[in-house]
Structure formats: C-alpha cells, structure tokens
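User: I am new to this structure and would like to be walked through how its parts fit together. Please take it step by step.

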Amino acid sequence: MTIPVVVKLDGGECFMDEILEILEKDARLTSEEIAVMTGKSTAEVEKRIKKYESEGVILKYKAVVNKEAVETDVKIVRALIEVKVIPQRNVGFDAIAKRIYSFSAVKSCYLLSGGYDLLVIVEGEDMHSVSSFVSEKLATLENVQGTVTHFLLKKYKEDGDILHKIDGDKRLSISF
Amino acid sequence: MKINKKVKDLSPSGIRAFFDLVIGMKDVISLGVGEPDFDTPWRISESAIFSVEKGYTTYTSNKGLQELREQISRYLKPRLKTSYDPNDEILITVGVSEAMDLAMRALSVSDCKALIHEPCYVSYYPTAYLAGLDPVYLATTAQTAFKVTPKQLAETKTSSGDIFLLNYPCNPTGASYNRDELVELARVIEKKDLFVISDEIYGDYMTYDGDHVPFPSLPGMRQRTLYLNGFSKAYAMTGWRIGYAAGPREVIAAMTKIHQYTILCAPIMGQMAALEALRCDKEAKSMRAEYNRRRKYIVTELNKLGLDCLMPQGAFYAFASIQSTGMDSVEFAHKLLEEEKVAVVPGTAFGPSGAGYIRMSYATGISDIKEALSRIGKFLKKHCA
C-alpha cells in the first residue's frame, strides 16, 4: 500500500503535500499555476502529480455536482443502509464488503465501529428500486444478518462542500 | 452651528468619488477590498451566538473582559518574549483603529511629532492630526522595499518623546522587517528617545516568509512600545470590531481614561467571539496558506504583465507599479474600472509615495484573481501596445 506523502512543517506537524491540498480544492488549476503558488518548478509539480496518479493517491478528477439543483425529469433517490454482517475467516469483512460495493447502485461503502458493520450508500431512480435492491440483492446475501434503510431527504453538506447557494460577497467592494 | 475648524480643514480623501463609482457599479471584480474573503470560522460565530443566548449582552469592564485580557496576555507571552499584566497593561478596544486613536490622543503633548512611514494605512495621518500631534511623513520607496531605513530615521529631525508609528507587515505595501533590520531601527529609536506605536494587525498569521518579529520583543523596546493587534484580519472578524493594545502601564491607563468616557467598552459579543478565536490557530493557519498561494500567483502574474511588483512579505495586498503605462494611479484605476470592470485602489490613497502604484487585494478567490488579471492583461494590451 502506498502511504500519501507527508511533509514536516512547523516543527514536526504533518501536513499533506500542498499540491494535493490545492488539487482537492480545485482540480482544474494547471501545473503551471500550482507551480507558481507553491514556489516549485512546473516540472517538479508535474512529476509529483504523475507519481500520485500512478500510485493511486490521486484516483481521478471530477466535478462536485449538486444533483438536487439539476433540472431534470430523472429523479434520484438515495438511501443510507446500515448492514450487519458476519465476518469471514481469513478475510474478515473485506470479502463481503467487496460483494456489496461491486454493485453499481452502491455509491459508497464504509466499515464502521458500533452497532452495525457496513454503511452502504445506494442510489436508485425511485424508492421502489432502492427497496428492491435491498430486499433482493443485499438482504439475501449469505453473510448479511440484517439491514436498516434510511432514505435521504436532503443533503446539506458533503465532503466539506455546502450544497446550497451561499449568499454572495457581503463585503463593500472597496475598503482600506 | 459651527464645525470644528480642525475637522473642517481635514481634507476628505481625494478619491472618494472613485469609491462611490465602484460601489455603485455592478458585476465588478474588486481587488479593492481590505478585509478577508473568508467568513468568520463558524466555531467563533457559534460561540458568540451561544453567549448571546446565555444573556451576555451587557457592558463589560472598561478594559474588556478579564478572561479575554488574561488569554491575550497568555497568547502574547511566547510571541513577544515579554509578559503584559492583564490587569493594567492590556486594553480591549473597538478594533485597532480605536486603539490607534486612543494612543495618539493619550500621547499628544505640545509640539510632539508623529513620524508616519508612507505609503500607509489611510487613517494614520488624520488620526494623528485630529489628536493634535504634528504628523510627519517618512517617504518609503521600492528602492528600500518600502521600508524605513535606520539611516533615514536617524537623519529625520526629531525631538525626545516624538512618536514613531510602525506598521508591519504594511498595508498597502506588504513590507515587513527581519530581526536584524528591526534591531538597527531600535538602536536609532533609543538614541533619539522616540516612543513607538506598532500596528501589527497583519503580524502573527499574515507573515509568509520567516517569522514575524514583534517590536516589543526587541532588546530595550518593551518600555518604548505600544503594541497594537486585533482579531479582524487573522480570524476574518472585521465586523466584530475587536482589537487590543498592550504596553507600558501609564500609557494603557491614559488610553483607558479616554476609552471609558467615549466608548465605555468594546461590544461584549465581539469579545466573547474573540475568546473563541484565540483557540483557532488551525483555522488561521489554513487561511494564511491560502493567502500565501494567491500572493505568489498574483505577484508572479503581475510581473509577467509588466507591472513591477515586489513580493509582499505579509498582509494580503500586492502593490504594483503602473509607471510603465504612463498613466497616473487614479487615471489607471478609473480607466480599468470603466473599461474592464476591475476595481483596484490608487496608490495615492495611501500617501504621496503611492503615486504610480495601485493596491490589489488578494483576499479574493483565485478564480476572480485569474479573471481580473486576464482583464488587466487585455487593458494593458489596449493602452500600452
């Protein structure tokens, strides 16, 4: 496994490489722009990005889309499903997790501590399709002991991004 | 009704009309804003809301909340390498602006000069003048990276007890000083027996290369310095209006006297928010990291466009020369606004040595900075090709 590069700053505190921090906020910045911002050469920035891509540190570049704001007839229903599973010898939770996350309807899958084991986020066109997925595919898996489905009503914030339009700049356009 | 002659004689800012024009215009990308573009970190705002819910809506002690003064004293000790007694050496004010006004009024004795390096923050000169001091500008230029040199200070005619006003990192130039430069300045200050008011609002979290060296931390300077700082810039809290002064007991006592009769106390909501802000080192550092990236970007790009700009050591302003365009700063700012809808502040707003410069704030998102630079590029092509 590759561990993301950490650089030591300010007497021992560990930070993620600044290039990753910048790209996480805005993946559309060019290597030249990142080079200027970080004081590195463009070649160095490109080299590091390539390394991160090849090592699977950077998986892909995509836009954060607020689907609730998209005007379309196609509706999407999301559900958070708590799944209680029986871990298997030698492979623990990994094998059953793989079995679950490989379904294209599963958008996220986490192993958690606490009252249940896996948190699975599922997307479907309507409640019926999500329910069918749970009852036919998920709950019937051999090692799944039980599921609890929570339909998502509204997303407010995701991965640090607030998902509603924020008021514009409230500052005076000129001040000293 | 008669208006105070001193006030009448105080000339209004020569570029007021330009500002009114900017404020009245729509869809402008403004690089003219002198405050952070970040919201106050929510844990600070939430803490103030909670305190209001609990009924903290009263006056506080004139000097400010005891706990806040104690926390500030603790905050300052490792940074300033000296301690200030929270009981009588720290005063909480309505921003650094109030602290500056109080200090000048408290220290104003007849024939006392206030030496002010310029280009500088717009209110220093008028505040000194209104306080009855004799304001004297010390011109700084790009040749000395907009710093006052020890030689320049030594050659300036002064009398014992005159005030030397320092602001570093500097608004608008971004100039700052390293320890050696400050030690040299301190020697001259001691020799000339000056008293220093050091406005270090951009010091702690807006110095980018190396550490900020607070003036009272220099040998022999604690008793000669009134240190001013506040929460507005580092924690994106401009509207909360909380600043403070730390200095010799007798100066703080004199300032407190004026403060208690004129302001009574800084608003308690802001003080409660400031208490939480002192726990927000991580948030402030994260904003600094973002300013730092923008700083390097905007300065590099301005130089590429042919507008010479020194790399600012602190604050969040790029102070670029527009002398190559043949326009003066007000003309440049006017035309840029009218033709490309980009607002910048003409350098002359900050003193005579600002002629030929414009101030651009990078307390602006990177996408707006990029768009503004592209429009400036277009503007230069049109006028300077």
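User: How many residues of domain 1 of chain B are in contact with domain 2 of chain B?
Analyst: This is a predicted model, in which local features need pLDDT of at least 70 and side-chain atom pairs count only at pLDDT 80 or more, while totals for chains, interfaces and linings use all residues. Residues are numbered from 1 along each chain as its sequence is written, and chains are lettered from A and ligands numbered from 1 in the order in which they are written. Two residues are in contact if their C-beta atoms, placed from the backbone, lie within 7 Å. On that basis, 35 residues of domain 2 of chain B are met by residues of domain 1 of chain B numbering 33.

User: Which element gives the largest share of the side of domain 1 of chain B that touches domain 2 of chain B?
Analyst: Helices (H or I, at least four residues) and strands (E, at least two) are DSSP runs, numbered from the N terminus. At least two residues of this side come from each of strand 9 (317-321) and helix 11 of chain B. The largest share, 7 residues, is supplied by helix 11 of chain B.

User: Where do the bounds of the two domains of chain B fall, and what distance separates their centres?
Analyst: The bounds, which come from an automatic or database domain assignment, give domain 1 of chain B as 5-40 + 282-384 and domain 2 as 42-279. Taken over C-alpha atoms, the centres of these two domains of chain B are separated by 25 Å.

User: What radius of gyration does chain B have, and why does it agree with a compact globule?
Analyst: The radius of gyration is taken over C-alpha atoms, and the globule rule is 2.2 Å times the number of residues to the power 0.38. Because a compact globule of 385 residues would have a value near 21 Å, chain B agrees with the rule at 21 Å.

User: What percentage of the residues of chain B count as buried?
Analyst: A residue is buried if 20 or more other C-beta atoms lie within 10 Å of its own, exposed if 12 or fewer, and partly exposed in between, with C-beta atoms placed from the backbone. Among the 385 residues of chain B, the share that counts as buried is 51%.

User: Which element of chain B gives the most to the side that touches chain A?
Analyst: In this interface, 12 residues of chain A are in contact with 18 residues of chain B. Helix 2 (16-24) and helix 11 (281-304) of chain B are the elements that give two or more residues to that side. The most, 4 residues, comes from helix 11 of chain B.
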